[in-house]
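Subject: Handing over a structure, with notes on what was found

Dear colleague,

I am passing on the structure below, together with some notes that I hope will help as you look through it for the first time.

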Amino acid sequence: MNWITNYVRPTINSLFSRREVPENLWKKCSECGTMLFHRELAENLNVCTSCGHHMAITPRARFQALFDNGVFKEVAVPEPIADPLNFRDQKKYTERLKAAQRSTAEKEAMLVAEGEIGKTPIVAAAQDFTFMGGSMGMYVGNAIIAAAQRAVELKRPLVLFSAAGGARMQEGILSLMQMPRTTVAVEMLKEAGLPYIVVLTHPTTGGVTASYAMLGDIQIAEPNALICFAGPRVIEQTIREKLPEGFQRAEYLLDHGMLDRVTPRTEMRDELIQILRMLLGMEPALKGDLPAPGTPDNAKDGETAPSGA
Amino acid sequence: MTNYLEFEKPLAEIEGKAEELRAMARANEEMDVEKEAAALDKKAADLLKSLYADLTPWRKCQVARHPDRPHCKDYIDALFTEYTPLAGDRNFADDHAVMGGIARLDGKPVMVIGHEKGNDTKSRIERNFGMARPEGYRKAIRLMELADKFGLPIVTLVDTPGAYPGKGAEERGQSEAIARSTEKCLQVRVPLVSVIIGEGGSGGAVAFATANRVAMLEHSIYSVISPEGCASILWKDAEKMREAAEALRLTAQNLRELGVCDRIIEEPLGGAHRDKDTAIKSVGKAISGMLADLSKKTGDDLRSDRRQKYLGLGSKGLAA
C-alpha cells in the first residue's frame, strides 16, 4: 500500500464509474427529464417511454427495426470527389469529415438499403443527423440518386427518411446543386410509376426540405419534428417578433396542409407497410405473420389495429 | 450621382475632385482646369481598371448587390418587346418580387421570368428586395407550364438574396414551392436558359436557374448561402464574410470551372452599373446565342439533356 493505491486509484476509479453509469446505461429524456434505461429506450426506437418524445435514431438502428428480421442489404453509393472546393473555415473540411466519420462510425450522412418490410420489397434511404447535421452534399445527392436508380431497377418503392440541417456549406455551390440533382432522382421514380414516400424526421430544414423531402407522393412526419425552409431563429431576426408555439413543427405543418400525416415512430413501420401495399395493389399484410421475432415492435403487433384511415 | 462601394472610396475621391474642378471652372470663366481635370480623369480610369482587374470574391459580392446595377425590369424593358406581364399564382396572391410574362425576343415569343429587387425605397419594399414568397415560385411554375404548353422558350433572370424567411411564407409552404419550381424546370420540354444577373441566392435561385444553359454576368455570384450567413455559422462571426466569400467559391469564374455556369458574360469596366446599356446588350446577345444553340433540339432531348447535365454535375472539383 502506498499513496498511489490509496489515493490515486480510487480517484481514478471514481472518475470512471461516475461517467460510465449515466452515459452508457441511462439516458435522460431531453423533454421530460425521465431517466430511461438504454435497452428499453432502444427497444422503443429512441422514443421516450414516459412522454413520447422522439429522440434521434441512427439510420442503421432505424433500418434494423424497419426491415423484416432486421435484414437489409446496403446499396452501394458512388463515391464523389472529396472536398471539391478545398474548403477551409476554422477547420479544414476534410478534418471535419474525418471527425464525423470517427464519431458516427459511418462513411457519410446517408445510408441506402434494400430489403423487405412486411414482405413488401422496398428500397429505403435514411439521413443521419449526427453526421455533420445530416447535411446534403455530393455524397447525399449520390445516395439519393443511387436509391432511386436501384428502386427503378428492382421496380420497388422508395421510402426516404429525411433529417438535415440543410445543404453542406463546405461543398459550396455543389451542395446547392444537389437540389436539382435529387429532384431528377424523384422524377425517375415518378416516371417509373413507383411510390416515393418521405418520412420527415427532426429536423428537416433548408435545401433538403426545398427539394426531395417535399416531393413525396405521400408526406409523413414524426411527431414534433421541426420542418422548415428558413429556421425559426432566422425568421425571428427578420420579422422581429416572437413566433407562435409549435411553429414549423410537424403538427403545425399538418394543420397548414403541408403534410399527409403525423405518425409516431413506433407505428411508422405498420403504416408504411399498409400504405405501400395499397399503392402497389398488393393484398393486405398478414398480421400474424409479421414481424419476425426479434424486432422491437413484435410484442404489440397483431393486437394493435392498423392506425390511420 | 454615382453610388460608390466601400472599396471604391479612393476612386470616389479622385472623380469627386475632377468634378469639383469642373464645377469651379463653370462658375469662373477665366479658370482653365481642363488639363488638371483630364489628368484626374486619367488617374481615375487607371484606378478603376486596376480595382476591377482582380476583384476579390467579397468585392464581387458587393458589385453583384450594387444598388445601381441593372435589374430584371431593366433587362426586360430593354431587350424584349410586347412584354405582357402575367400575374398571380391562382391560389393566394401575386408576388411582386417575381415578374414574368410573355414577350418577344428578336421578334420571337418567349416566356420571361425573373426576380426584381426594385431600385428605390418604395419599389424595393414593394418588390420585397427580390425575396420571393411561395406565391412567387408558384407564379413561376404556372408561367413555365404555360410556356411548355405553347412551346415558348423560357428565359429566367436570377437576382435574389434568397427566398423570403417569413412566417407566412413558411406557413404557405416555401420549401414545397421552391421544390416544385425546380421540379418544373426539370420537366419542361422547351428550351430553358437562365442568366444570373446579380445575386444567385441559394434555393431561391435554384428554383429558376435549373436550366439547359446557365450564364452569369462577370461580377455576379451564385451561392448556397450568403457569405455573411456562412461566416456566422462556420466562423461564429458574421464579420468574417471576406473569408467565407473566398471559401465558398461563389464567383462566376469559379462556377464556370465547376461546370455550374456554362458561360460568362463580360461586364463593362467598373461593373454593369457603370454602363447599363452595354451590359444589357451583352446579356441580350448571350440569351439569343443560348436559345439559338438549343433551337434544333427536340422537347425530349431538351429535357433529358437538362437532367443529364445536373446528374453529371460535381464530377470535377477545383484545382488545388
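The largest cavity is a convenient place to begin, and the largest share of its lining, four residues, comes from α11(A). Please keep in mind throughout that this is a predicted model. Helix α11 (265-279) of chain A is joined by α3 (59-66) of that chain, in that each of them supplies at least two residues of the lining of this largest cavity. The cavity has a volume of about 120 Å³, and of the 12 residues that line it, those nearest its centre are A:Leu45, A:Arg62, A:Ala65, A:Leu66 and A:Arg265. By class, the lining of the largest cavity holds six nonpolar residues, one polar residue and five charged ones.

Two cavities of 30 Å³ or more were counted. The second largest, with a volume of about 80 Å³, has a lining of 14 residues, and here the ones nearest the centre come from both chains, namely A:Ile227, A:Cys228 and A:Leu253 together with B:Glu170 and B:Glu171. At least two residues of this lining are supplied by each of α10 (250-255) of chain A, α7 (167-171) of chain B and α8 of chain B. Its residues divide into eight nonpolar, three polar and three charged.

There are also pockets to consider, and the second largest pocket contains about 380 Å³ of space. It is lined by 26 residues, and the closest to its centre are A:His54, A:Met55, A:Ala56, A:His202 and A:Arg265. A:Arg265 is therefore a residue to look at twice, since it is listed among those nearest the centre of the largest cavity and among those closest to the centre of this pocket, while a cavity is a space from which the probe cannot get out and a pocket is an open one. Strands β6 (158-164) and β7 (196-204) of chain A each give at least two residues to the lining of the second largest pocket, which is made up of 10 nonpolar, 10 polar and six charged residues.

For chain A as a whole, the model shows 11 helices and nine strands, and 51% of its 309 residues count as buried. If one takes the contacts in chain A with a separation of 6 or more, 67% of them are between residues 24 or more positions apart.

In chain B, helix α8, already met in the lining of the second largest cavity, covers residues 174-187, and its 14 residues reach 20 Å from the first C-alpha to the last, close to the 20 Å expected at 1.5 Å a residue. This helix is mostly covered, with 12 of its 14 residues buried, including B:Gln174, B:Glu176, B:Ile178, B:Glu183, B:Lys184 and B:Leu186.

Helix α14 of chain B, at residues 299-312, also has 14 residues and reaches 20 Å between its first and last C-alpha, again close to the 20 Å expected. Its buried residues are B:Leu302, B:Arg303, B:Arg306, B:Arg307, B:Lys309, B:Tyr310 and B:Leu311. After α14(B) comes B:Gly314, which has a positive phi, near 95°.

The strands of chain B deserve a careful look as well. Strand β2, residues 98-105, has six of its eight residues buried, so it is largely enclosed by the rest of the structure. On one hand, β2(B) pairs with strand β1 (residues 81-85) of chain B in the antiparallel sense over three bridges, and in this pairing B:Pro85 stands opposite B:Gly101. On the other hand, eight bridges join β2(B) to β3 (residues 108-115) of chain B, and these two strands run antiparallel, with B:Leu105 having B:Lys108 as its bridge partner. The hairpin of β2(B) and β3(B) has two residues between the strands, and B:Asp106 in that hairpin takes a positive phi near 50°.

A last residue to mention is B:Asn254, which lies in helix α12 (residues 252-258) of chain B. Its relative accessible area is 17%, and because buried means under 20%, B:Asn254 counts as buried. Leaving aside residues up to four places away in sequence, B:Asn254 touches B:Arg249 and B:Leu318.

With best wishes

Key: Residues are numbered from 1 along each chain as its sequence is written. Chains are lettered from A and ligands numbered from 1 in the order in which they are written. This is a predicted model: local features need pLDDT of at least 70, side-chain atom pairs count only at pLDDT 80 or more; totals for chains, interfaces and linings use all residues. Side-chain values use heavy atoms; hydrogens and water are left out. The expected span of a helix is 1.5 Å times one less than its number of residues. Buried means under 20% relative accessible area, exposed over 50%, partly exposed in between (1.4 Å probe, protein chains only). On a 1 Å grid over the protein atoms alone, a cavity is a set of points where a 1.4 Å probe fits but cannot get out, and a pocket is an open set with protein on both sides within 12 Å along at least five of seven lines; lining residues have an atom within 4 Å of a point. Grid points are joined across faces, edges and corners, and a volume is the space filled by probe spheres set on the points. Ala, Val, Leu, Ile, Met, Phe, Trp, Tyr, Cys and Pro count as nonpolar, Asp, Glu, Lys and Arg as charged, and the others, Gly among them, as polar. Two strands pair if DSSP finds at least two bridges between them. Contact means heavy atoms within 4.5 Å.
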